[in-house]
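Reader: I have a model open and would like to learn how to read its interfaces. Could you walk me through them?

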Amino acid sequence: MSSPCQPATLAELAEAVRSAPRVIAVGAGTKPRLAQIAGSCMRISTAKLTGFIEYEPSEFTFTALAGTPVREIAAILAERGQYLPFDPMLGEAGATLGGTVAAGVNGPGRWRYGGLRDFILGVRFVDGAGRVLRMGGKVVKNAAGFDLPKFFVGSAGRFGVLGEISFKVFPRPAATRTLRLRAADDAARVQILTAGAAARWELDAIDAALDEPAVYARLAGPEPALGGLAAEILGRFPGEELPPDEARERWRAVGEFAWAPPGGSLVKLVITPLQLPEVAAWVRVQEGARAWCSAGGNVVYVARPAGAAWPASPWPGLRLRGDGELWLGPRRSYAVQEAVKATLDPEKRFPGLEE
Amino acid sequence: MSSSAYSPVLRRLVALLPAGRVLTGPAQLAAYESDGLTAFHARPLAVVVPETQEETIAVVRFCHAEKLPFVARGSGTSLSGGSLPVPDGIVIALNRLNRLVRLDPAQRVAVVEPGIVNLAVTAAAQPHGLHFAPDPSSQPVCTIGGNVAFNAGGAHCLKYGMTSNHVLGLKAVLATGEVVEFGGPSREQIGPDWTGLFVGNEGLFGVALEVTLQLLPRAECFHTVLAGYATLEQAGDAVAAVVASGLLPGAIEIMEKLALEAATAAVHAEYPPGCEAVLIVELEGPREVVAVERGRLEEILAASQPVEIRPARDAAERMAIWKGRKSAFSAVGRLSPDFIVQDGVVPRRRLGEALRKINTWSREMGIRCANVFHAGDGNLHPLILYDGRVDGALQQAEELAGRILRMCVEMGGSITGEHGIGVEKRDYLGVMFAPEEVDLLRRLRAAHDPFGLANPGKMFPESSAPALAQSGLHPLEKSGVISRE
């Protein structure tokens with residue numbers, strides 16, 4: 001068998017979990033803060049836990065091992081004209097399916113049909129006692145048992161190690177168009193975000209740049225339908241359509257956090273669209289901070305150079321990169337959360353949520 | 001009833017609440033003895049009707065302190081016996097805890113109490129061009145609290161997901177008495193998805209007090225097509241062709257012959273003659289998109305050997321197609337004194353095979369069975385007809401239901417797509433999950449409810465039989481308000 005820290009099967013993964021008093025799973029390390037644990041904690045790499053278990057294009061479902069890079073998944077789905085509509089992030093950087101679920105980070109496409117939580121169907125995972133357990137299912141509709149697959153989205157490896165994951169997929173739209181709409185200030189950004197959300201256009205994505213006066217809107221669907229929709233949007237909000245290469249590069253930069261200073265810290269803040277001006281003002285007073293608002297104004301990613309001190313955040317947040325506390329902003333904790341932790345990880349083999 | 005007639009525990013419960021909240025009269029209790037799974041009934045000790053979140057919390061904390069089992073209930077439309085009372089416990093009826101707490105059209109969010117009716121949310125959102133997407137066919141009466149507890153579905157799940165996909169956050173009182181708040185108004189979240197874990201708990205974790213729902217803009221344009229086929233296989237092949245084409249219809253439904261006949265008799269629905277099956281496909285979206293996609297859909301259907309294709313030419317024709325579809329269940333139900341509905345799921349490509357098996361068993365066992373199903377997501381709805389007054393008929397019907405459930409699991413599907421396990425399918429939890437997985441589910445329940453007081457007897461196999469059998473339609477069904485699907 002392979003090294004205990006690089007299991008290649010679920011049985012080996014379970015064995016790896018049992019082999020140390022404290023363990024944390026790591027994928028490609030693209031969101032390193034999640035696995036940055038103080039003290040001794042064995043790192044279990046999912047690097048060898050890769051590949052599709054099954055893919056049924058006619059069912060709109062696939063099951064893959066947790067270490068499979070999302071880039072590979074996207075490529076295989078694309079061959080059959082399908083995709084994960086939430087635009088898995090950090091594909092070029094090597095992000096894995098398991099790490100993506102554990103971090104709970106969605107791309108701009110989550111706007112239209114929902115995010116990881118809306119497409120995950122089932123999981124096979126290893127609990128803190130080293131047991132391989134399955135929850136959820138492999139079909140697109142299932143209401144049997146408690147929805148542990150959803151629970152694992154954003155769970156940061158603190159309740160179990162994901163071994164294999166089943167997802168629903170959708171047919172990939174034939175064409176896309178990206179519009180850059182002028183937004184002179186934050187009030188204009190909010191106006192475009194909320195109007196775009198309510199309009200008949202069914203936008204595929206709508207993100208706001210915070211360091212240029214612009215909102216980016218993406219249409220997706222059959223090519224002959226998009227021209228008229230784009231023209232109507234540009235009639236309402238001045239701006240321009242991006243040439244295909246520029247559009248591709250724009251969304252690539254969003255998906256890879258290419259705008260964030262290298263080596264610095266990166267956090268995800270959960271907001272609502274009307275909070276954007278306040279969040280933007282908070283970001284702007286911080287030295288060297290850059291930010292990108294995604295998912296129609298429901299999330300802001302903020303990056304700062306290494307070493308910069310962060311003020312307390314008024315909004316709930318998760319640190320993906322850099323030193324400092326994992327969670328930012330106001331938090332609530334309940335006895336039941338401890339009880340669920342004790343159920344899945346009685347010996348506290350995985351780090352606590354606060355670590 | 002004078003207070004001296006109450007048992008000591010009920011006297012303490014009555015003392016806890018404003019007057020009139022606790023019902024114990026036999027006639028009052030009778031209305032709560034059963035739910036949409038009419039084969040079972042049980043009389044609770046009392047029914048409590050709280051009017052505020054504080055009263056609800058007080059009742060649950062009282063139950064915890066007194067070790068008194070409780071069953072939270074909305075409108076009692078569960079098809080899996082999910083709100084069946086327990087004889088040694090109380091029912092907490094949430095119909096008066098039904099405020100629309102906040103409607104935020106700009107951010108497309110509604111905050112509601114659990115007793116609000118599903119369709120009332122959409123009614124409130126409609127002036128703003130918005131709606132609440134989950135549309136179980138009991139939506140004129142079923143409550144959001146019940147939708148949350150059982151993760152209710154509907155005809156639009158392939159594209160839009162189930163209730164859980166539209167719940168952004170919630171406040172609940174757990175069976176321990178702890179009040180929790182998970183999630184919030186944002187569509188994004190951080191940390192483990194506690195909201196997602198709660199939705200679909202079948203009432204085994206506690207009682208939702210306030211639910212934050214996402215609202216969606218209503219599609220600008222719909223295009224609905226009804227196509228008749230000489231055989232069920234051809235209808236199934238047409239579904240496969242639609243799905244393979246890259247279209248993502250809002251709904252794909254199939255009705256079988258017995259259901260077509262019943263709908264024709266009940267609501268004068270008209271179907272092409274000589275059809276064993278009818279397929280309904282609905283496209284929706286901006287008009288430019290639908291204009292392109294409808295051409296594509298027509299090509300696909302024309303090549304699928306239909307007997308006839310009938311596109312809805314206007315809103316009235318579209319409504320007529322849906323009226324026939326949505327009435328099919330209660331219509332078939334009128335053909336028989338009793339029926340049970342299954343909602344197992346099979347992989348879509350095995351729909352034809354699954355239906356052949358069901359029909360073979362149905363013939364062999366001499367039990368009539370009608371099929372209407374959400375073809376787009378492989379969600380079967382075999383409706384098994386029986387006469388509860390005939391000795392052994394219910395058992396026979398359950399035997400057929402059991403075969404169907406096992407088949408769904410063997411084909412890689414699920415024992416329930418949207419009705420939940422409840423009382424009805426609890427003996428099949430172990431068919432779908434391994435013993436250690438059932439054990440994990442039990443331990444997760446215990447983490448929320450260590451004494452097992454919240455909705456006992458549901459989801460998990462138990463040794464005791466749940467309740468007595470009865471016969472006949474649900475009162476709301478008789479009046480045509482609800483149907484079972």
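Reader: Which residue forms a salt bridge with A:Arg252?

Author: Happy to help, and please keep in mind that this model is predicted. To call a salt bridge, look for a side-chain nitrogen of Lys or Arg within 4 Å of a carboxyl oxygen of Asp or Glu. Here the partner of A:Arg252 is A:Glu92, with the closest N and O atoms 2.9 Å apart. Between domain 1 and domain 2 of chain A, the rule finds three salt bridges. On the domain 1 side, the residues touching domain 2 are five nonpolar, one polar and three charged.

Reader: How much area do domain 1 and domain 2 of chain A bury between them?

Author: Buried area is what two parts lose on being put together, summed over both. For these two domains of chain A it is about 900 Å², with 47% on carbon and sulfur atoms. On the domain 1 side, A:Pro108, A:Trp111 and A:Arg112 supply 65% of the buried area, more than any other three residues.

Reader: And what do chain B and chain A bury between them?

Author: The same idea applies to whole chains. Chain B and chain A bury about 6600 Å², 61% of it on carbon and sulfur atoms. In chain B, the residues that lose the most area to chain A are B:Glu188, B:Ile190 and B:Trp194, together 11% of what that side buries.

Reader: How many salt bridges are there between chain B and chain A?

Author: The count is 10. One pairs B:Glu220 with A:Arg200, whose closest N and O atoms are 2.6 Å apart. As for helices and strands, α15(B) gives the most to the side of chain B that touches chain A, with nine residues.

Terms used. Residues numbered from 1 in each chain as written. Chains lettered and ligands numbered in written order. Predicted model: local features only at pLDDT ≥ 70, side-chain atom pairs only at ≥ 80, totals over all residues. Heavy atoms only, no water. Buried area = accessible area lost by both parts, 1.4 Å probe. Helix = DSSP H or I, 4+ residues; strand = E, 2+ residues; numbered from the N terminus. Nonpolar A, V, L, I, M, F, W, Y, C, P; charged D, E, K, R; others polar.
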